[in-house]
Amino acid sequence: MADVTVSPIFDDSNIISNYVITTRDVTHEIAIEEQLLQSQKLEAVETLANGIAHDFNNLLTAIFGYTSVAKSSLSKGHHAVEALEMVEQAARQAGGVVDSLLAFTHRGDVEKNQIDLDSLFRTP
């Protein structure tokens, strides 16, 4: 693609006697602009995915917490315990989706560490 400029040349009587035409190849500049636009779009998608992942992770934390409280208030043989364990399993699977989103937004730089929360809150 070319950028074309046409400039008139005037004679002594101020009449156009000729033209100068200059062209400049802007193909490379257009390609760079397109790359920048694609990069900005990807950054926006990454930001959105990161926000969704963190919000969803907060919801999963609440689901795990309330499920744990509900299970601890029931006897081992209670029929609702199995249903609560299914909720936990589904939440773990949803957590995998969150991990995938976070891996995408951080380009694979996610490091997972498991923490035993019971040990943090256990009183001696």
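This report describes the strands, the helices and the nonpolar core of the structure shown above, which is a predicted model.

Near the start of the numbering, strand β1, covering residues 2–10, runs antiparallel to strand β2, covering residues 16–25, and 9 bridges join the two. One of these pairings can be followed by name, since Ser7 has Val20 of β2 as its bridge partner. The two strands form a hairpin with 5 residues between them, and in the turn Asn14 has a positive phi of about 65 degrees.

The table lists the two helices.

| Helix | Residues |
|---|---|
| α1 | residues 27–72 |
| α2 | residues 79–105 |

Two packed helices are described by the angle between their axes and the distance between the axes. Here the axes of α1 and α2 come within 8 Å and cross at roughly 160 degrees. Angles over 145 degrees count as roughly antiparallel, and α1 and α2 are therefore roughly antiparallel to each other. The crossing of these two helices is left-handed. Sorted by class, the residues in the contact of α1 with α2 comprise 18 nonpolar, 7 polar and 5 charged ones.

The largest nonpolar core of the model has 6 residues in all, namely Ala53, Leu60, Ala91, Ala94, Val98 and Leu102. The elements that give two or more residues to this core are α1 and α2, and of these α2 gives the most, with 4 residues.

Note on methods
Residues are numbered from 1 along each chain as its sequence is written. This is a predicted model: local features need pLDDT of at least 70, side-chain atom pairs count only at pLDDT 80 or more; totals for chains, interfaces and linings use all residues. Side-chain values use heavy atoms; hydrogens and water are left out. Axes are lines fitted to C-alpha atoms, for helices over the stretch in contact, and angles run from 0 to 180 degrees between N-to-C directions. Angles under 35 degrees count as roughly parallel, over 145 as roughly antiparallel, 65 to 115 as roughly perpendicular and the rest as oblique. A crossing is left-handed if the near helix is turned anticlockwise from the far one by less than a right angle, and right-handed if clockwise. Ala, Val, Leu, Ile, Met, Phe, Trp, Tyr, Cys and Pro count as nonpolar, Asp, Glu, Lys and Arg as charged, and the others, Gly among them, as polar. Two strands pair if DSSP finds at least two bridges between them. A nonpolar core is a set of buried Ala, Val, Leu, Ile, Met, Phe, Trp, Tyr and Cys residues joined through side-chain atoms within 4.5 Å. Buried means under 20% relative accessible area, exposed over 50%, partly exposed in between (1.4 Å probe, protein chains only).
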